[in-house]
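Let's take a walk through a protein together, starting from one residue and working outward. Keep the picture open as you read.

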Amino acid sequence: MQHAVGSPLPQPHQPGHGPAAGWSPAAQHQGPHHQGAHQGPAPVPPPAAPGYIGPPAPGPIPPVPPVPPPATPYAVSQHLQTPVPAPDTTGHVPLPPGGPVAMPAPPPAAAAPDPSATTLAVLLIGPAGAGKTSVAKYWADHRRVPTAHISLDDVREWVRAGFADPQSGWNDNSEAQYRLARRTCGFAARNFLANGISCILDDAVFPDRPVVGLGGWKRHVGPGLLPVVLLPGLDIVLERNAERRGNRRLTDEEVARIHGRMAGWYGSGLPIIDNSQLDVPATARVLDDVLARSIASPPQW
């Protein structure tokens with residue numbers, strides 16, 4: 001059989017070749033320039049081989065089982081709000097709040113008080129150059145119970161900008177700064193003492209200003225505060241002040257004026273230590289003796 005030149009050759013119908021069963025050749029040519037080019041009856045598939053089982057006859061589609069509804073928001077929130085408790089690994093220690101410090105209980109009559117083993121709140125009073133800071137640090141370091149040294153000057157110097165320099169004299173800014181530092185030290189002392197840690201505070205408290213001085217400390221810490229005055233001679237104070245550096249060093253005139261005002265503590269009933277001829281360890285031992293007498297017979301102030 002002859003075909004015109006250029007006509008396509010017919011494809012042989014062999015197993016595994018040719019269009020798939022049920023596919024129309026026209027499906028392979030859907031472009032507009034082939035529209036209607038291969039129309040006609042769909043080719044009949046060849047008969048199935050013996051023993052071939054065809055696909056099952058189409059039947060009704062089985063119903064899809066219903067999907068269970070999602071959990072209600074209440075159930076979800078209830079599940080999220082009941083987490084598994086985790087072990088406490090933060091090292092949190094509950095701390096009791098600090099209240100006013102009461103007077104330490106006096107020891108039995110047969111036993112002498114031991115201030116080195118008693119939780120105390122001590123206020124060390126004295127002029128600039130009296131050695132308050134050195135004695136307070138040494139005393140706190142050598143006690144048998146935990147003891148904190150709270151220095152008013154250190155807390156006052158937390159203020160960096162607008163610092164009230166003692167060398168510039170006394171004014172409203174320095175007054176407010178000292179009051180704020182005293183109140184901060186009082187809060188710290190109460191918190192330490194509430195947790196079993198003794199405290200020693202040092203400040204240049206004047207006897208002629210009881211409301212903002214000794215009375216203020218009593219309000220901030222509590223009636224159990226034990227005040228002790230450290231008052232060496234004027235020549236010793238001037239010599240120690242000359243060894244200071246920075247804004248803690250005052251003029252000789254200012255040191256003499258402060259020392260003169262501190263003399264008002266004589267006759268006040270407060271214990272006074274003259275450490276003119278005592279070094280720091282010896283002064284700390286005398287301080288223990290004074291505190292033992294204050295525990296047995298608290299001063300009236």
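Start by finding L201. Leaving out anything up to four places away in sequence, L201 touches V122, L123, L124, I150, C185, A189, W217 and L225. Keep in mind that you're looking at a predicted model.

Why begin there? L201 is listed with I125, W217, V221 and W265 as the residues with the most contacts inside the largest nonpolar core, which has 31 residues. Several elements chip in: β1, β2, α3 (152-156), α4 (172-194), β3, α5 (214-221) and α7 (252-262) each supply at least two residues of this core. The largest share comes from α4, with five residues. There is also a second, separate core of 17 residues, and L124, V228, A284 and V290 are among its members. This fits a broader habit: in soluble globular proteins, nonpolar side chains tend to end up buried together.

Now zoom out to the whole chain. The protein has eight helices and five strands. If you read along the sequence, they come in the pattern α-β-α-β-α-α-β-α-β-α-α-β-α. Of the 301 residues, 31% are buried. The accessible surface adds up to about 19,700 Å², and carbon and sulfur atoms account for 61% of that. And how does the chain meet itself? Take the contacts between residues at least 6 apart in sequence: 79% of them join residues at least 24 apart.

Next, look at the strands. The five of them make an open sheet with parallel pairing, in the order β2-β3-β1-β4-β5. At the edges stand β2 (147-151) and β5 (272-273); each has a single partner strand, so one side of each has no neighbour in the sheet. You might wonder whether β2 is enclosed or left open at that spot. Four of its five residues are buried, so β2 is largely enclosed by the rest of the structure.

The partner of β2 is worth a closer look. β2 pairs with β3 (residues 198-203) in the parallel sense, over five bridges. You can trace two of the matches yourself: A148 has C199 as its bridge partner in β3, and S151 has D202. Now turn to helix α8 (residues 280-296). Helix α8 lies across β1 (121-125), β3, β4 (226-230) and β5, and runs at about 140° to β4.

We've now met two cysteines, so how many disulfides does the structure hold? The count is zero. A disulfide is a covalent bond between the sulfur atoms of two cysteines. C185 isn't in one, and its nearest cysteine sulfur, that of C199, is 9.8 Å away. To count as a disulfide, the two sulfur atoms would have to be within 2.5 Å, so this pair doesn't qualify. Both cysteines are tucked away from the surface: C185 counts as buried because its relative accessibility is 1%, and C199 counts as buried at 0%.

For a last stop, find L238 in helix α6 (residues 234-242). Is L238 buried or partly exposed? With a relative accessible area of 26%, L238 is partly exposed, because the cut-off for buried is under 20%. Setting aside neighbours within four places in sequence, L238 is in contact with D252 and V255. Finally, compare L238 with A130: they are 108 residues apart in sequence, but 9.2 Å apart in space, C-alpha to C-alpha.

Methods
Residues numbered from 1 in each chain as written. Predicted model: local features only at pLDDT ≥ 70, side-chain atom pairs only at ≥ 80, totals over all residues. Heavy atoms only, no water. Buried < 20%, exposed > 50% of the residue type's maximum accessible area, 1.4 Å probe, protein only. Contact = heavy atoms within 4.5 Å. Pairing = 2+ DSSP bridges. Axes fitted to C-alpha atoms, helices over the stretch in contact; angles between N-to-C directions. Areas by Shrake-Rupley, 256 points an atom, 1.4 Å probe, with all protein chains shown as cover. Core = buried A, V, L, I, M, F, W, Y, C linked by side-chain atoms within 4.5 Å.
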